[in-house]
Amino acid sequence: MPKKKRRHRQTTSQGNWPDWLDDWLTENLPPSQYQYIWCLHCEHVYHAANWAQSGRACPNCGASEALDGWDWKTIQEANNYPLVPQEGACYPQYGKEG
Ligand SMILES: [Zn+2]
């Protein structure tokens, strides 16, 4: 069994959070109440179970759920996206370009 890989560090939208705070938030994060979680960092959407499997991090870019995981509904309602998103698809925060 490979050792649990350390999430690789990226600058989040909130600036530079210290690692310990990120870890603390992740460890103390309550189970997600959202069905789908959208990533503020890479704008991909995944089922909450996939975030959980990735250690409460974005399956695509590794951003932490505590900081960058948004309820899909927020994005869905703002852009008239489908209620059930395509797993792993990229949905821009401000609608499709062009
Ligand atoms: Zn991401």
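The protein chain has four helices and three strands (DSSP runs, H or I of at least four residues for helices and E of at least two for strands, numbered from the N terminus). This is a predicted model, in which local features need pLDDT of at least 70 and side-chain atom pairs count only at pLDDT 80 or more, while totals for chains, interfaces and linings use all residues. Residues are numbered from 1 along each chain as its sequence is written. Going along the sequence, the elements come as α-β-β-α-α-β-α.

Now for the sheet. The three strands make an open sheet in the order β2-β1-β3, with antiparallel pairing (two strands pair if DSSP finds at least two bridges between them). Since β2 and β3 (69-71) sit at the edges with a single partner strand each, one side of each is left without a neighbour in the sheet. From one strand to the next, the twist averages 40°. Helix α4 packs on this sheet and touches β1, β2 and β3, its direction making about 60° with that of β3 (axes are lines fitted to C-alpha atoms, for helices over the stretch in contact, and angles run from 0 to 180 degrees between N-to-C directions).

As for the pairings themselves, β1 is joined to β2 by three bridges, and three bridges also link β1 to β3. On the β2 side, Y36 has H47 as its bridge partner and I37 has Y46. On the β3 side, C39 is partnered by G69. The hairpin of β1 and β2 has five residues between the strands, and E43 there takes a positive phi near 65°.

What about burial? Of the 98 residues in the protein chain, 20% count as buried (20 or more other C-beta atoms within 10 Å of a residue's own, with 12 or fewer making it exposed, anything in between partly exposed, and C-beta atoms placed from the backbone). In a regular strand, side chains alternate between the two faces of the sheet. Strand β1 is covered on both faces, with Y36 and W38 buried on one side and I37 and C39 buried on the other.

The largest nonpolar core has 13 residues, and Y36, I37, W38 and W72 are among those with the most contacts inside it (such a core is a set of buried Ala, Val, Leu, Ile, Met, Phe, Trp, Tyr and Cys residues joined through C-beta atoms within 7 Å). At least two residues of this core come from each of β1 (36-39), β2 (45-47) and α4 (72-79), and β1 gives the most, with four. Leaving aside residues up to four places away in sequence, W72 touches Y34, Y36, I37, W38, V45 and P85 (contact means C-beta atoms, placed from the backbone, within 7 Å).

How values were computed
Contact = placed C-beta atoms within 7 Å.
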